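Reader: I'm new to this. Could you walk me through how to read a model, one feature at a time?

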Amino acid sequence: NYRCRSAFKLLEINEKHRILQPGLSVVDCGAAPGAWSQVAVEKVNSAGADPEVPTGFVIGVDLLRIAPLVGAHFLANSDVTDPATQTRLQELLPARRADVILSDMAPNASGFKEMDHERLISMCLSVLELAEKVLQPGGTFLCKCWDGGQTSLLKNKLAQSFQDIRTIKPQASRKESAEMFLLAKNYRKK
Ligand code: SAM
């Protein structure tokens, strides 16, 4: 049982796109209450549950506290967009590198659609800065965004550093929501 239904979105995306494999190192941005981290721990085997496959690593970051989870490290009370948090994250990663960066972050919605969209895009751009510091060549980036006028700006930015960009609308996202995910694969260092 997962801490939050959002787990099913990541499971669905992973089922189709195979982004989490045993042995990989994962950063989970906006991790509270921890459901995506639970999925990541299972899939990368960071708790060592399967001795037959490599053991991965999972670190989650959030402004909020996150209840402990076997196989995951958490940085609580931390803002992913803060360069100090990004440095701290890098120090905690094995060999200072991640294979996968996930972001399910969202700002508190103001109700003004375009403003919320722009705030979320700027958060995604901060996650991309983090990727430029820690992501392994060949690595994967998945972020949530709300569709709007600046989606193409974010996609174009991603296209400068990743070979393959796609837009995903999981079945598990509520029908009425403008929520979608951008999946960028095969990071090439600039
Ligand atoms: N993926 C999570 C799960 O499955 O349990 C749910 C994430 S929830 C939709 C979004 C989270 O993003 C919230 O917990 C919020 O505190 C966090 N968040 C928003 N802005 C943030 C920031 N600047 N830095 C870190 N976390 C942030």
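**Contacts and burial**

Author: Sure, let's begin with one residue: leaving out residues up to four places away in sequence, Asn14 touches Ile19, Leu20 and Lys43. Touching, or contact, means heavy atoms within 4.5 Å. Keep in mind that this is a predicted model, where local features need pLDDT of at least 70 and side-chain atom pairs count only at pLDDT 80 or more, while totals for chains, interfaces and linings use all residues. Residues are numbered from 1 along each chain as its sequence is written, and side-chain values use heavy atoms, with hydrogens and water left out.

Reader: Where is the place of Asn14? And is Asn14 buried or exposed?

Author: Asn14 sits in helix 1 (residues 7-17). Helices (H or I, at least four residues) and strands (E, at least two) are DSSP runs, numbered from the N terminus. Buried means under 20% relative accessible area, exposed over 50%, and partly exposed in between (1.4 Å probe, protein chains only). Asn14 has a relative accessible area of 4%, so it counts as buried.

Reader: What does Asn45 touch?

Author: Asn45 lies in the loop between helix 2 and strand 2 (57-61) and is buried, with a relative accessible area of 4%. Not counting residues up to four places away in sequence, its contacts are Pro22, Ala40, Asp50, Val53, Pro54, Thr55 and Gly56. The Asn45 side chain also reaches the backbone oxygen of Asp50 at 2.9 Å.

Reader: Which residues is Leu92 in contact with?

Author: Setting aside its neighbours within four places in sequence, Leu92 contacts Phe57, Ile59 and Leu75. Leu92 lies in helix 3 and is partly exposed, with a relative accessible area of 32%. Here's a distance to try on screen: Leu92 and Lys144 are 52 residues apart in sequence, and 24 Å apart in space from C-alpha to C-alpha.

**Helix crossings**

Reader: How are two packed helices described?

Author: By the angle between their axes and the distance between the axes. The axes are lines fitted to C-alpha atoms, for helices over the stretch in contact, with angles from 0 to 180 degrees between N-to-C directions. Take helix 1 and helix 2: their axes come within 8 Å and cross at roughly 40°. This crossing is right-handed; right-handed means the near helix is turned clockwise from the far one by less than a right angle, left-handed anticlockwise.

Reader: Which residues of helix 1 and helix 2 make the contact?

Author: Helix 1 brings Ala7, Leu10, Leu11 and Asn14, and helix 2 brings Ala35, Trp36, Val39 and Lys43. So here's our Asn14 again, as part of this contact. Sorted by class, the contact has 6 nonpolar, 1 polar and 1 charged residues. Ala, Val, Leu, Ile, Met, Phe, Trp, Tyr, Cys and Pro count as nonpolar, Asp, Glu, Lys and Arg as charged, and the others, Gly among them, as polar.

Reader: At what angle do helix 3 and helix 4 cross?

Author: The axes of helix 3 (residues 83-92) and helix 4 (residues 113-134) cross at roughly 35° and come within 10 Å. That crossing is right-handed. Gln86, Leu89 and Gln90 of helix 3 meet Ser126, Glu129, Leu130, Lys133 and Val134 of helix 4. By class, that contact has 3 nonpolar, 3 polar and 2 charged residues.

**Aromatic pairs**

Reader: How is a pair of aromatic rings described?

Author: By the distance of the centres and the angle of the planes. Rings of Phe, Tyr and Trp (its six-membered ring) pair if their centres lie within 6.5 Å; planes under 30 degrees apart count as stacked, over 60 as edge-to-face and the rest as tilted. By this rule there are 4 aromatic pairs. The Tyr2 and Phe8 rings have their planes at 85° and their centres 5.8 Å apart, so this pair is edge-to-face. Tyr2 is partly exposed at 26% relative accessibility, and Phe8 is partly exposed at 37%.

Reader: Why is the pair of Trp36 and Phe181 tilted?

Author: Their planes are at 35°, with the ring centres 5.8 Å apart, so the pair is tilted. The two residues link distant parts of the chain, with Trp36 in helix 2 (residues 35-44) and Phe181 in strand 7 (residues 179-187), 145 residues apart. Trp36 and Phe181 are both buried. Elsewhere, ring pairs link Phe141, Phe162 and Tyr187 into a cluster.

**Backbone details**

Reader: Which residues does a cis peptide bond join?

Author: Ala32 and Pro33, with omega about 0°. Pro33 is in the loop between strand 1 (25-29) and helix 2.

Technical notes:
Polar contact = N/O pair within 3.5 Å; in protein donor to acceptor, adjacent residues only side chain to side chain.
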